[in-house]
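Me: I would like a close look at a single helix in this model, with its surroundings described step by step. Please take one part and follow it outward into its neighbours.

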Amino acid sequence: MGSSELLIVLDRDDGAPLQRQLCDQITALVRTGRLRPGDDVPASRALATQLDVSRTVVTRAYELLRANGVIVAKRGSGTRIAPGAGGVAAPRPRTPTAAFAPQPPRATDRDSALWQPWEPAPGRRPGGVIDFRHGTPALAEFPVARWRQSLHDAYGRADAASLGYGPAEGSPALRTEIASLVRRSRALDASPDHIMVTSGATQALDIVVRMLVGPGDVVVIEDPSHTVLRQVFGCSQAHVVPVPVDQQGLRVGDIDACVRAYGHDPARVKLVYVTPSHQFPTGFILSGERRRGLLAWAYEHGAIVLEDDYHNEFTFTGERLPALAAERHRDTVVHVGSFSKTLFPALRIGYAILPPHLVQPFLGIKWITDRLTPTVAQDALADFIRTGAYARHISRMTRLYRQRRSRLLGSLYEHFGAGVRVSGEAAGLHVLVTLSGARGIPEEKIAEAAAARGVRIHPASGYFVQDPPAEPMFLMGYAALPAARITRGVALLAAAVREVTSG
């Protein structure tokens with residue numbers, strides 16, 4: 001979601017030169033208002049890296065754009081969209097709006113069983129363990145000094161309002177910055193008034209469930225999916241129905257049949273949860289045809305699509321699609337994101353982008369259950385984004401994660417050859433690894449043998465509701481591990497697999 005990125009896809013099979021395609025697409029972004037006068041344009045080197053083209057392609061496109069009056073460049077201040085470009089007027093500065101009036105939340109059922117909290121595995125802390133745990137970014141690489149500066153500046157500007165009980169919907173400054181980020185990187189043109197800041201993405205998901213789902217309703221989830229999400233949905237006393245995923249993502253055409261197979265009426269479906277940009281845990285990307293089919297299905301059934309857009313910031317191929325909430329029937333989509341993986345989990349800042357009719361009900365629950373996410377931290381994050389520090393961090397982390405991903409894939413193929421299959425390598429911070437050469441060996445036995453060698457890997461079969469994998473499958477995160485540790489860890493894993501298969 002970094003502001004250094006633009007949602008551009010070049011067609012190498014098209015006869016048009018790449019620089020012409022790039023020029024045309026940036027011009028189109030300006031004309032549709034997704035890029036606006038004064039917006040920064042990525043540096044030529046950064047955009048060339050994102051699109052996997054030579055820097056010459058980008059510089060020539062920028063020359064055309066300057067000649068056409070679309071962009072302007074000044075030494076020391078970078079390249080920006082020109083004033084009046086595309087006939088789009090520069091937006092007027094927003095003034096902070098008053099907090100929305102809260103509404104009482106709907107009653108929730110007290111008899112639901114609470115989900116079991118996650119506990120770290122024994123022995124996880126020792127520094128000698130090589131842990132391929134997913135979901136952990138490279139925290140050692142976070143620019144703490146630069147973040148401290150944003151915090152210092154935010155506290156320096158703090159007044160009685162920002163130190164007190166701030167607006168439940170979040171800081172106006174941060175909501176404006178989030179609106180700019182998703183407009184540029186996800187083609188999602190959302191008003192800041194429709195953006196609610198939350199204490200992480202999980203809180204946003206929980207509030208959506210409380211708001212929309214009651215006993216007897218149906219929630220559709222992907223299969224496989226994250227166990228915590230199944231528990232969050234289960235607390236609502238809804239009927240949770242899994243629908244299979246394949247290489248094109250959620251099998252939308254199977255929704256009705258799956259709901260009926262569980263003994264429920266598809267008309268009772270209130271929510272469909274999807275991870276379209278990097279399906280968890282397979283990493284598959286929801287195809288264009290499935291995206292259109294899902295939105296049409298939800299519109300026809302009066303259901304809401306809950307789009308969890310985790311990991312969209314880190315994409316390693318040219319395939320980048322807009323957010324579901326940016327497409328047709330956008331009023332049927334709630335878009336949820338967070339800064340846990342891009343910055344650090346302890347920040348506890350996420351957000352939900354809502355259709356207009358859901359803003360007040362969502363805010364009512366947020367206000368009564370949590371009241372506010374700390375305002376000064378939000379203002380610091382807004383400063384971090386506005387000054388370009390966020391974009392620089394995303395760019396640097398994308399390069400680092402690309403290197404670590406390449407090292408993991410190379411090591412896996414080096415040690416396992418044709419005996420390994422990998423999915424999800426196009427994006428995100430983990431891959432799903434199937435050890436087809438160890439078919440018939442329980443995952444737990446391999447994990448135990450690896451742990452005895454100081455390597456922690458995480459079985460994936462528990463994420464499947466139906467049809468668990470017939471071959472040992474593991475979710476392997478790589479973001480937090482230096483390349484040398486990845487190389488060593490895979491070598492030790494291979495030795496463990498040889499031990500259990502030969503025994």
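Reply: In this predicted model, helix H6 (residues 172–185) is largely enclosed by the rest of the structure, because 11 of its 14 residues are buried. The buried set runs through Leu174, Arg175, Glu177, Ile178, Ala179, Ser180, Leu181, Val182, Arg183, Arg184 and Ser185, and these residues pack against strand S1 (40–41), strand S5 (195–198), strand S12 (350–353), helix H12 (375–386) and H13. The length of H6 agrees with expectation, because 14 residues at 1.5 Å a residue should span 20 Å and the end C-alpha atoms are 20 Å apart.

At the start of H6, a side-chain oxygen of Ser171 comes to within 3.2 Å of the backbone nitrogen of Ala173, while just after the helix Ala187 adopts a positive phi of about 55°.

Of the elements that H6 packs against, H13 leads on to the nonpolar interior: H13 (residues 389–416) contributes 10 residues to the largest nonpolar core, the most of any element, and that core has 92 residues, with Phe132, Leu294, Phe339, Ile446, Ile457 and Met476 making the most contacts inside it. One of these, Phe132, touches residues including Leu408, Ile457, Met476 and Val490. A second, separate core of 30 residues includes Leu205, Tyr273, Ile304 and Val334.

H13 itself has 28 residues and reaches 40 Å from its first C-alpha to its last, close to the 40 Å expected at 1.5 Å a residue, and the residue that follows H13, Gly417, has a positive phi near 55°.

Note on methods. Residues are numbered from 1 along each chain as its sequence is written. This is a predicted model: local features need pLDDT of at least 70, side-chain atom pairs count only at pLDDT 80 or more; totals for chains, interfaces and linings use all residues. Side-chain values use heavy atoms; hydrogens and water are left out. A nonpolar core is a set of buried Ala, Val, Leu, Ile, Met, Phe, Trp, Tyr and Cys residues joined through side-chain atoms within 4.5 Å. Buried means under 20% relative accessible area, exposed over 50%, partly exposed in between (1.4 Å probe, protein chains only). Helices (H or I, at least four residues) and strands (E, at least two) are DSSP runs, numbered from the N terminus. Contact means heavy atoms within 4.5 Å. The expected span of a helix is 1.5 Å times one less than its number of residues. A polar contact is a pair of N or O atoms within 3.5 Å; within protein, one must be able to donate a hydrogen and the other to accept it, and residues adjacent in sequence count only if both atoms are side-chain atoms. Lists of a residue's contacts leave out its neighbours within four places in sequence.
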